[in-house]
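Here are some notes to read with the model open beside you. Take the points in any order you like.

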Amino acid sequence: MLIKKSNDIPSSEITPKSVYLNRRRFITGAVALGASALAVRELSGLLPPPPVVYAGVKLPGLVKSPLSTSETQTPFKDVTNYNNYFEFSTDKYEPAHLAVNFRTRPWTVKVEGEVLKPKVYDVDQLMKMAALEERIYRHRCVEGWSIVVPWAGFPLSVLINQVQPTSKAKYVQFLTALDSNQMPGLRYGGLDWPYSEGLRLDEAMNPLALLCFGLYGEALPNQNGAPVRVILPWKYGFKSGKSIVKIRFVEHQPPTAWSTATPSEYGFYSNVNPEVDHPRWSQATERRLGEYMKRKTLMFNGYGDQVAHLYTGMDLRKNY
């Protein structure tokens, strides 16, 4: 009998503790009812479903960004078929299938709070606010895998400057869609929904922070956060909220989904830091999606020249 040690298990296959018990209850109940494809597939050991082929809408006039990395891009099929999107499923392969019919039109984003010009934007109006750039960013997920993706969007600072934050605005909070009729994962709990994330205002103003509408030259697929999301390449992937419906400017640090659920594991800042391990696994190395060999994790995911100054004087072990 072969007994695997924790070091033998790929970190990408480790389920976060905060959803582990919930997921087990879900699977147990589904087996009893005989009505859950997810439970049947997990318990029977079948291979992941075939890739979803996404026939996306081309985004015209994309401008290449000098902020892009020259690293090899992760294949489209991997980026669009292996996703963390708990509103649909805790399984990484299922969101691509479960989100196929997710409705992203009509869609509005409400901007409110400590701003002089609060506004409700139609997402198509929002897309036209500035020229869309294609930025090839590397990303590091907290579970130990990483990707390189060409995202399309414009700096988050463009929106921030338009709504004009007041002197009281110190943080930006992002709230995402909450629709249990379309998002089956919401029915099983796991987090305090709707999913929320937040940044300090100076982080949100950094040129790397992207309000994102597409990838690989096409509009965002549903499983990747359509129709609009945030991309923050120096932070772990869960900081980049998907399917955003509200942006709030606030005076005090806002609650965020993962730091509320398990504060000992997921801090507010969540900067990529190979020197601070997750309580249940090391963050010193990562595995690029589609590759076998691991590589060293870079501080701030390799974007230290652009963002390290934001954290001068901070203890990044305490402010993890």
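1. Let's start with one pairing: which residue in E12 is the bridge partner of Ser-146? The partner is Arg-288. Keep in mind as you look around that this is a predicted model. The pair belongs to a parallel match between E5 and E12, which are joined by 2 bridges.

2. Stay on E12 for a moment, since its side chains alternate along residues 285-288. Glu-286 and Arg-288 point to one face and are buried. Thr-285 and Arg-287 point to the other face and are not buried. So Arg-288, the residue that partners Ser-146, sits on the buried face of its strand, because buried here means under 20% relative accessible area.

3. E12 has another partner in E13 (residues 294-296), and these two pair in the antiparallel sense over 3 bridges. If you want a spot to check, Thr-285 has Lys-296 as its bridge partner in E13. The two strands form a hairpin with 5 residues between them, and there Gly-290 takes a positive phi near 95°.

4. Now move to the open sheet. It has 5 strands in the order E3-E2-E11-E6-E7, and the pairing is mixed. From one strand to the next, the twist averages 15°. As background, strands of a sheet pair through backbone hydrogen bonds, either parallel or antiparallel.

5. What stands at the edges of this sheet? Those places go to E3 (119-122) and E7 (196-200). Each has a single partner strand, so one side of each is left without a neighbour in the sheet.

6. Walking in from the E3 edge, you meet E2 (residues 108-113), which pairs with E3 in the antiparallel sense over 4 bridges. A hairpin of 5 residues joins E2 to E3. Within this pairing, Val-111 has Lys-119 in E3 as its bridge partner.

7. The next step, from E2 to E11, is a parallel one, again over 4 bridges. Look for Gly-113, whose bridge partner in E11 is Phe-249. E11 (residues 244-250) is also joined to E6 (residues 171-176), this time antiparallel, by 6 bridges. Tyr-171 and Val-250 are bridge partners in that pairing.

8. How many cavities of 30 Å³ or more does the count come to? The count is 1. About 500 Å³ of space lies in the largest cavity. It is lined by 31 residues, and the closest to its centre are Asn-84, Arg-229, Gly-237, Phe-238 and Lys-242.

9. The lining of that cavity divides into 17 nonpolar, 9 polar and 5 charged residues. Helix H3 (76-79), strand E5 (145-155) and strand E10 (229-231) are the elements that give two or more residues to it. E5 gives the most, with 3 residues. That is the strand you met in point 1, where E5 runs parallel to E12.

10. Last, the cysteines. A disulfide is a covalent bond between the sulfur atoms of two cysteines. The structure holds 0 disulfides. Are Cys-141 and Cys-212 buried or exposed? Cys-141 counts as buried because its relative accessibility is 10%, and Cys-212 counts as buried because its value is 0%.

Technical notes: Residues are numbered from 1 along each chain as its sequence is written. This is a predicted model: local features need pLDDT of at least 70, side-chain atom pairs count only at pLDDT 80 or more; totals for chains, interfaces and linings use all residues. Side-chain values use heavy atoms; hydrogens and water are left out. On a 1 Å grid over the protein atoms alone, a cavity is a set of points where a 1.4 Å probe fits but cannot get out, and a pocket is an open set with protein on both sides within 12 Å along at least five of seven lines; lining residues have an atom within 4 Å of a point. Grid points are joined across faces, edges and corners, and a volume is the space filled by probe spheres set on the points. Ala, Val, Leu, Ile, Met, Phe, Trp, Tyr, Cys and Pro count as nonpolar, Asp, Glu, Lys and Arg as charged, and the others, Gly among them, as polar. A disulfide is a pair of cysteine sulfur atoms within 2.5 Å. Buried means under 20% relative accessible area, exposed over 50%, partly exposed in between (1.4 Å probe, protein chains only). Two strands pair if DSSP finds at least two bridges between them. Axes are lines fitted to C-alpha atoms, for helices over the stretch in contact, and angles run from 0 to 180 degrees between N-to-C directions.
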